[in-house]
Amino acid sequence: MTSSSSPSRTAIVTGAARGIGAATARRLAAAGHAVAVLDLDAAACADTVAAIEADGGRALAVGANVADAAAVASAVDTIVAELGAPTILVNNAGIIRDNMLFKMSEDDWDAVMTVHLRGAFVMTKAAQAHMVEAGWGRIVNLSSTSALGNRGQANYAAAKAGMQGFTKTLAIELGRYGVTANAVAPGFIQTDMTRATAERMGVSFEDFVAAMAKEIPVGRGGTPEDVATAVAFFAGEDAGFISGQVLYVAGGPRA
């Protein structure tokens, strides 16, 4: 699974029990990396780990709240012991608490900010030390086209825009140590999260996907694998001169 031009490294993917995170974990494993499949509940990561191992890869299920610094420190210690020091980090963990601004609670605002921004900060702070020591690292943060503004998502849009500013600052601070930081900003992707949105709107997922596809130049909704492809590119050996960038994976020009 590995080649002389692509050494095996240890990667951490957060929010990797399902959806984009799971697809990314599988893609990185296919590239020959050992992958820590991290989510709130380690048991929820079992399917992703099993899929990677069935394909001949190495994976470890890790349960941790990405916003809890002590839990993250313990998780990273476990990953170092079991798989090796992590030099690839994909900050994918996220939640939505959609509502119009006048109906959005402070708890809904705080919950989204905590998982996306505090979570990415805590995870990156823990992982970057291993990257700096190795003199090589790849950080990929998941943003969204919602960073450009999206009705009913003041919290999520602000968090995803924040991920872009965080990414660009990491690129500036860590570049001298051989560490790059980039963001991938998906558009409409068919996941459990968008399925829940359709249910909340009272429409079938099939109708929801069809309606969204009409607004997308390539004429279809995205898949988790579409996003995983972009993440894997930024995480690769050949992307060392690309840093601080935001790549929109949206089936058309959205930025």
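**Exercise 1.** Classify Arg-18 by its relative accessibility, and identify the salt bridge formed by its side chain.

*Solution.* Step 1: Arg-18 has a relative accessibility of 44% and therefore counts as partly exposed; buried means under 20% relative accessible area, exposed over 50%, and partly exposed in between, with a 1.4 Å probe and protein chains only. The structure is a predicted model, in which local features need pLDDT of at least 70, side-chain atom pairs count only at pLDDT 80 or more, and totals for chains, interfaces and linings use all residues. Residues are numbered from 1 along each chain as its sequence is written, and side-chain values use heavy atoms, with hydrogens and water left out.

Step 2: The side chain of Arg-18 meets that of Asp-192 in a salt bridge, at 3.9 Å from N to O; the criterion is a side-chain nitrogen of Lys or Arg within 4 Å of a carboxyl oxygen of Asp or Glu.

Step 3: This pair links distant parts of the chain, 174 residues apart: Arg-18 is in the loop between β1 (10–14) and α1 (19–30), and Asp-192 is in helix α6 (residues 192–201). Helices (H or I, at least four residues) and strands (E, at least two) are DSSP runs, numbered from the N terminus.

Step 4: Asp-192 is partly exposed because its relative accessibility is 49%.

**Exercise 2.** Describe the salt bridges of Arg-26 and Arg-220.

*Solution.* Step 1: A search of the whole structure yields five salt bridges. One of them joins Arg-26 to Asp-55, with 3.3 Å between the closest N and O atoms.

Step 2: Arg-26 belongs to helix α1 and Asp-55 to the loop between α2 (46–54) and β3 (59–63), so the pair ties together parts 29 residues apart in sequence.

Step 3: Arg-26 is partly exposed at 41% relative accessible area, whereas Asp-55 is exposed at 52%.

Step 4: Arg-220 pairs with Asp-226 in a salt bridge whose closest N and O atoms are 2.9 Å apart. Both partners are partly exposed, Arg-220 with 42% and Asp-226 with 27% relative accessible area.

**Exercise 3.** Compare the expected span of helix α4 with the distance between its end C-alpha atoms, and locate its bend.

*Solution.* Step 1: The expected span is 1.5 Å times one less than the number of residues. The 29 residues of α4 (residues 106–134) should therefore span 42 Å.

Step 2: The end C-alpha atoms are 41 Å apart, which agrees.

Step 3: A bend of about 35° occurs at Thr-114, taken as the angle between axes fitted to the seven residues ending there and the seven starting there.

Step 4: The buried residues of α4 include Val-112, Met-113, Val-115 and His-116.

Step 5: Just after α4, Gly-135 adopts a positive phi of about 70°.
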